[in-house]
Amino acid sequence: MLAHIRKLSPQDRANFFKQQVQLIDTALAKVKEQTIYFSFSMGLSSGDPKEINWDTVNWNRMDIQNKAFIIPNPDTLKAAFESYATTLKAVQSFGIPHSSFELDATDDKISETGQLSTSFKQLFQGNNRLDSSEVGLLPVSQALVEIKYQLPHELDSLVIAPNAKTVKYMGYDLTIDTISPQGIELDLPLDLYYNYLGHRGETPNDKLVESNSYSAMPLYGLHPEIQKQAKSAGQLFQKFQTAAVEDAMLDRFEPQFTEAMFQGLKKLNYYQSAIEKDLKVLLGDNKNADVFDVIKKLRAYIESNEEYLGPVEQRLSISFPYPVKQFLLYFGKSNETIKAERQIPVSRTASYGYMTYLDQEAKKYGIVDSMGNVIIEPRFKELTRSSQDYFFDSSDSIDYFLNVKDKKLEPVKAGYRFERKLNADLSVFKNKKENLGVLRNGQEEIVPFKYTAIEKQGKLFVANYTLRGRETFDLYTLKGDLIETPLLSTVDMLADSSFMVRSKLHKFGVLNTSGKLVIPLEYDKIEGLKTANWVYVTKGRETFLLDYQNKRVDLPANLRYIDISRSAEGMIPFSDYDGYGFIDLNGKIVIQPQYSNITEFYRGHALVRTAKEELFLIDKNNRIFKKIVLPPSPDGSQRLDVAFSKDGTGYFTMGEIVLDKDGNVVHVSIDDLY
């Protein structure tokens, strides 16, 4: 460009500079209005206006709780920042030539309270440093990152009336997309959004209320860095725009016109000539286009053109449960920057299997394992992972089974779509008639395609269909053999993995894990015990225990209540007017009713509470194993129970208090148990 300018006359140079200023200003004004965001239409009003005439409401009589917006204590925010930095980790997604990384912190109470940014300083594979520009398919194990946080010390508020059309704040003309007395949707420039802290609505009786719906979505457009450099170039042309640009003036202009400005103008030109046209095609008025498919293609296009497209604004959508007389948006000011450097662990999204990766230059997808080893070369235009062994090419709507041994993607049986994986070899598929069945490795039919739902429960497939308007069940072995039974209207898996079934004649029985009918279909009700091979049955007016050899055990007469849900380890809780006790599988009372609350037995012990509010762990002979001493509780009548963690470990619980099998208080959250 500079060589071309030097060949021009001083007057032509001036005209060239003037023309450049006009072209840049026009282009930047145009692209500012061209943004994309991913959302669906949303109503901002949270109530039906027909139900309440808000204009006639006596606001002073409404019980609305005032919720002022307050910045958390700085020491609290600093502690939250430290927890965030300590628990931060990254997940690597492979790509050629560049991998991408997504950050996540298990203790994140800080990201929405101010500006938080993280930059990668160094990547490592073991103890070896990696060149970030050449990572590609190399698995990264650790990363050195710098974390910055703008700690707000003061609040500044932006007040917007419900009838506002535009609003100015901190030198910005903010765009209001939608506004009503109960909601607002507006766009914030990113540097303003980074200082955004929260919002409130002020009701007609001067109460500050929280929103009942809030979302923030990025708007994508011409990359901010391109806009910045193009704007700088335009300002420089404007600065040197005179009646004639002599050589001496050009000598001063040349060192100020940086390579970054030149690249910014070059990319702006490419954006106008190519990117805009592509986006117009992707956002075309095809009424038959699937919205999810359009969004997917747009996301993929933005990812593959991230040099030209990036987030430029953030769209806020806020609604309130009542009409408000003004919206209040809060921003941090007098910010303090705090920093931390951390070496964080890096894992892969496919640490448990295989994943797609993108060849960014060829714009084709392939498959790698969790260590970045190529299984399938990049040759697919669009490829997504459905499960560990199945992938979907949306460009030709074909499901593939990944044959790792031969490094092949094998198309599944023609006319079938993958639904979900059941085990290593078997998966549920759907045919063109929308019926479900089971295929082995995407080819061999195991369960025929005539069902509306299929579940693998224990060692059987439970498949349901509709017969004359009523839900009906078939059972298959994992080899695909149909189990011959009368027509079944109910199939429920019991604690020992056998099945309680009900016939169309409304009679109950039990199938064992192999599908054999071990208790005939002749009972009015069956409940499963947590003890294997036993159930509690009702026949007419009689109730009794029954094992899978059809041995009947009668229970003592005049029992007030039997708690089948907490029967375990051969001990069945019951109650009468004296409290709770236990019966064994012989129908014998082994622990007399005496406790005000009990749990089931776990590892040979049950937690019990006496009438005097004492807690004990007892064994099956009612001997005290341990007295439990806890701080006084405001509600000593909290239910006693047994709950389990995901790894199967059992705990005794009382409200929020958790005890291990030996009665020791442990720091396990009740929310993590089931």
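**Figure 1. Contacts across the predicted model.** In this predicted model, 53% of the contacts with a separation of 6 or more join residues 24 or more positions apart. The protein has 8 helices and 49 strands. Its radius of gyration is 34 Å, well over the 26 Å that the globule rule gives for 674 residues, so the protein is more spread out than a compact globule. The C-alpha trace spans about 115 × 70 × 60 Å along its principal axes.

**Figure 2. Surface and charge of the protein.** About 36,300 Å² of the protein is exposed. Carbon and sulfur atoms supply 48% of that area. Of the 674 residues, 43% are buried. The protein carries 82 positive and 90 negative charges. The mean positions of these two sets lie 3 Å apart.

**Figure 3. Strand 17, a mostly covered strand.** Strand 17 runs over residues 354-359. Buried residues account for 6 of its 6 positions. In a regular strand the side chains alternate between the two faces of the sheet. Here Tyr354, Thr356 and Leu358 point one way. Met355, Tyr357 and Asp359 point the other way. All of these residues are buried, with relative accessible area under 20%.

**Figure 4. Strand 17 beside strand 2.** Strand 2 covers residues 95-96. Strand 2 pairs with strand 17 in the parallel sense, over 2 bridges. One residue pair to look for is Gly95 and Leu358: Leu358, in strand 17, is the bridge partner of Gly95. Leu358 points the same way from strand 17 as Tyr354 and Thr356.

**Figure 5. The hairpin of strands 17 and 18.** Strand 18 takes in residues 364-369. Strand 17 and strand 18 pair in the antiparallel sense, over 6 bridges. Across this pairing, Tyr357 stands opposite Gly366 in strand 18. The two strands form a hairpin, with 4 residues between them. Lys363 sits in the turn and has a positive phi of about 55°.

**Figure 6. Lys67 in a loop between two helices.** Lys67 lies in the loop between helix 2 (10-32) and helix 3 (74-87). Its relative accessibility is 34%, so Lys67 counts as partly exposed. Which residues does Lys67 touch, not counting those up to four places away in sequence? They are Arg200, Leu208 and Glu210. Ile5 is 62 residues from Lys67 along the chain. The C-alpha atoms of Lys67 and Ile5 are separated by 62 Å.

Methods: Residues numbered from 1 in each chain as written. Predicted model: local features only at pLDDT ≥ 70, side-chain atom pairs only at ≥ 80, totals over all residues. Heavy atoms only, no water. Rg over C-alpha atoms; globule rule 2.2 N^0.38 Å. Buried < 20%, exposed > 50% of the residue type's maximum accessible area, 1.4 Å probe, protein only. Contact = heavy atoms within 4.5 Å. Areas by Shrake-Rupley, 256 points an atom, 1.4 Å probe, with all protein chains shown as cover. Lys, Arg positive; Asp, Glu negative; His and termini not counted. Charge placed at Lys NZ, Arg CZ, Asp CG, Glu CD. Pairing = 2+ DSSP bridges.
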